[in-house]
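Q: Could you take me through one part of this structure in detail: the second largest pocket, what lines it, and what sits in it? I would also like to hear about any enclosed space elsewhere.

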Amino acid sequence: MQVLKFGGTSVGSVDSIKQVIQIIENHRQNGDQIAVVFSAMGGITNQLIEIGRMATTGETDYMELVRRIEDRHFNVIKALIPIKEQSKVFAHVRGIINELEDLLRGVSLIRELSLRTHDLITSFGERLSTTIITECVKSRGIPAQFCDARKIIKTDAQFGQAEVNYTLTNQLVQEHFAKTSDLQLVTGFIGSTEKNETTTLGRGGSDYTASILGAALNAEVIDIWTDVDGMMTADPRKVPNAFNIPTITYAEAMELSHFGAKVIYPPSLQPAFARNIPVRVLNTFNPTHAGTVVSRTAERRQYTITGISSIDDIALVNVQGSGMIGVAGVSAKLFGVLAAHKISVILISQASSEHSICFAIDPRGAENVKNILDEEFATEIAHGHIDSIAIERDLSVIATVGEGMKKSSGIAGKLFSVLGKNGVNIVAVAQGSSEINISVVINKNNLSKALNSLHNIFFQSEARVLNLYLVGTGLIGKTLLQQIYNQSEYLRSEKLLKVCVVGMTNTKKMVLDPKGISLDGWRERLLTDGVTTSLPAFVEKIKDYNLPNSVFIDCTSDKDIVQFYESLLDANISVVTPNKVANSGPYSEYRRLQRTALNRGVKFLYETNVGAGLPIINTVQGLMTAGDRFLKIEAILSGTLSFIFNTFRPGISFADVVREAKEKGYTEPDPRDDLSGLDVARKILILAREAGFALEPEDVTIETLLPESCLAAPTIPAFFEELERNNNYFENLLAEAETKGEKLRFVASFENNKATIGLRPVNTEHPFYQLTGADNIVSFTTERYKDRPLVIKGPGAGAEVTASGVFADVVSIGSYLA
Ligand SMILES: NC(=O)C1=CN([C@@H]2O[C@H](COP(=O)(O)OP(=O)(O)OC[C@H]3O[C@@H](n4cnc5c(N)ncnc54)[C@H](OP(=O)(O)O)[C@@H]3O)[C@@H](O)[C@H]2O)C=CC1
Ligand SMILES: N[C@@H](CC=O)C(=O)O
Ligand code: NA
């Protein structure tokens, strides 16, 4: 025996009904007896309810709506039944519609609509759809019978939501099906009392009908045909990565549906569950998809979690007071009052201190609940045992559901950790003792971020998404984009990381797209879709999107951008930058950024501030973490100056060598910053700070190598002119060093709380003598590296090495968030 049920969308149009008939024919081929339950055509039940309401108020144009219902059904007859058989069916359906019209006339006369009449009116939806489909099926030569469920499903007289009399119903259903082997096409949703008054079965009514029949007939399986591919791990409108759940237990389905997953209404499947009959949820419009099987026990699963669901809008009621501690009966009274007022409670949480109880309700009833509780607890409030009753609004609840969570540790840890790292504050928590549902109440504006990051973390086989916002598409920015593009496949397959650039800007244009900007054609996209840059607007948008795992990358040397870092970190957005400005201003600002990142559980990373991609900052941080103490730092920290002093020879112009350094991508956007010593001053300052010293910029003594006139040059072209003019000066410096067998090196050192930088000729004995190209070298003398210092050496400037240092910082955030 098989029971099939088709919902409103499945029987909503001529095409879909054709599809339904095809599915029924396919099922007949295995020779089993079949019962098929139908809902009303999509939308008809609501129209019938509206018609009933109109008739009660005396509005006469309800007839117009009745005509539309009639037309919709007639159109199916015209399209699907051979012409010579149509008139008989038209007459039959007309008869049913006449019955409806008579009923409505009565309602309109007495201007009163009892629940009983309401049930009778709504029953017409299923009666019409099932009648017509039965005729369609019969016209294809299939032996089939229309079965009015009112003859076999017997209920009490609670109109609107009648209780089934199972003893009688089971007997009638079994007798009915024993009499015939014809295909039975059954009206869903309706039943009747013992006095044959029409009743309806409440929410999920047609599923309920299928479940009652399946249980009574001991069906092998019940197929619920809908318009989606079964149940999904989350609502795909909110979580684009959601996917089909192949198997789910009844208990899980029940938990998920309570929290808003609406594909099926599991309470209506209770009779089937009780008899251990599996229910398949299938898609009429994609019939080969396996859908979801709901059964008592789930198969072995790939994931601990089965699904994540949410109620988007709830209010939290908080009942709190010192007088509640140790006093029995407060919660009994509280929930008694709520029950007496038929207030449905979505979730309850009480800490073991007993100081407060909070519970979630539909926000539409919140004001009413407050009034009720204020009144009922007036004495307790007056005596100060209970503080006033507080309502919090604009909240959502997320339920993480899965049998796999039972007795498995670490799930809650993972859940709270991912929400914490994404700055999602948890307002309340509840875990059912069944251990298959952990529910958290959060602010509504974080709902999408929370759902997506939880889905991302619990359904591990999919790549975790890292959302990037890039400011600066100059040398470093564009090289970074190219590296991300080249590496994206590797990151996805080897690191399970999907890097998505959501926003980018330069000084002229900015573009933002939460779906991601294709790195194939980002320049064109920026030109065509970009709008005039406004950094405040860019940052506002980032906060507005509130995407999980967000990283802001500043690839400029701008001073103004830095002012946004703190608010970004505060909004739980990590910051990565090669820009040295933020870390080389006042010490208090440097500390504040560090603290903010730490407090927020996000990252502020700037490895490329010193020595480009060389692992210098990470090394200092590592030594500090392990408790080492820094005694001395000696370093060459300018790639540009290294290159210049390794390249400049008598006979070539010093200005040309500087130009070459710029072309090679070693210099700052403004090369005066390199030659004046400012860039190196910033780097030694940052290093000293990382090494634990509270240095201020004025604690760095700069012995500049430039003549005064070069330092004073107002523009970059003027600066180059001054360099040309001073060529002799540089040749003399070089000649003087060479006569002593020395090389020119621009050295930074830090010792005894003092930093100095300046030109130091070094002889062949000195470890800095051998430096080539644009290399940097750093030598750390510490408590643990005292006799022989720790030395890091290598290229310290250039687009590729710098961008790759930035990239590595970004990826490390990806791993941290995961
Ligand atoms: N070169 C190297 O070896 C190293 C560089 N760095 C650092 O990397 C950073 C970037 O250097 P580089 O790529 O060479 O610089 P570029 O001058 O090539 O690029 C800077 C980019 O930032 C954009 N920009 C500047 N100000 C703003 C603003 N206010 N709003 C939006 N966009 C802005 C520019 O826009 P537009 O295109 O419109 O001009 C440009 O796209 C610097 O801080 C530098 O110190 C760090 C380590 C090594
Ligand atoms: N301009 C800098 C680049 C790195 O910060 C340098 O020359 O070292
Ligand atoms: Na570095």
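A: Helix H24 gives the lining of the second largest pocket its largest share, three residues. This is a predicted model, so please read every distance and volume below as computed from predicted coordinates. Besides H24, the helices that each supply at least two residues of that lining are H15 (475–495), H22 (654–663) and H28 (799–817). The lining has 41 residues in total, and those nearest the centre of the pocket are Ile476, Cys555, Thr556, Ser557 and Pro669. Sorted by class, the lining comprises 18 polar, 14 nonpolar and nine charged residues. The space inside the pocket comes to about 890 Å³.

Now for the occupant. Ligand 2 sits in this second largest pocket. Two elements give two or more residues to the shell around ligand 2: helix H21 (639–647) and helix H24 (678–690). H24 therefore turns up twice, within 4 Å of the ligand as part of its shell and in the lining of the pocket. The shell holds 13 residues, of which Gly639, Thr640, Tyr666, Glu668 and Asp674 come nearest to ligand 2. By class, five of the shell residues are charged, five are polar and three are nonpolar.

If you are looking for polar contacts, here are three to inspect. Glycine 639 takes part through its backbone: a polar atom there is 2.7 Å from an oxygen atom of ligand 2. Lysine 580 uses its side chain, with an N or O atom 2.9 Å from an oxygen atom of the ligand. Aspartate 674 also uses its side chain, where a polar atom lies 2.7 Å from a nitrogen atom of ligand 2. As for burial, ligand 2 has 250 Å² of accessible area on its own, and the protein covers 93% of it.

That leaves the enclosed space. Searching the whole structure turns up two cavities of 30 Å³ or more. The largest cavity holds about 40 Å³ of space. Its lining is made up of Ile636, Ser638, Leu641, Ser642, Phe645, Leu744, Arg745 and Phe746. Here H21 appears again, as H21 and strand S26 (743–751) are the elements that give two or more residues to the lining of the largest cavity. By class, this lining has five nonpolar residues, two polar ones and one charged residue. H21 thus contributes both to the shell around ligand 2 and to the lining of the largest cavity.

Methods: Residues are numbered from 1 along each chain as its sequence is written. Chains are lettered from A and ligands numbered from 1 in the order in which they are written. This is a predicted model: local features need pLDDT of at least 70, side-chain atom pairs count only at pLDDT 80 or more; totals for chains, interfaces and linings use all residues. Side-chain values use heavy atoms; hydrogens and water are left out. A polar contact is a pair of N or O atoms within 3.5 Å; within protein, one must be able to donate a hydrogen and the other to accept it, and residues adjacent in sequence count only if both atoms are side-chain atoms. Accessible areas come from the Shrake-Rupley method with a 1.4 Å probe; for residues, only the protein chains shown count as cover. On a 1 Å grid over the protein atoms alone, a cavity is a set of points where a 1.4 Å probe fits but cannot get out, and a pocket is an open set with protein on both sides within 12 Å along at least five of seven lines; lining residues have an atom within 4 Å of a point. A molecule sits in a cavity or pocket if more than half of its atoms lie within 2 Å of its grid points. Ala, Val, Leu, Ile, Met, Phe, Trp, Tyr, Cys and Pro count as nonpolar, Asp, Glu, Lys and Arg as charged, and the others, Gly among them, as polar. Grid points are joined across faces, edges and corners, and a volume is the space filled by probe spheres set on the points.
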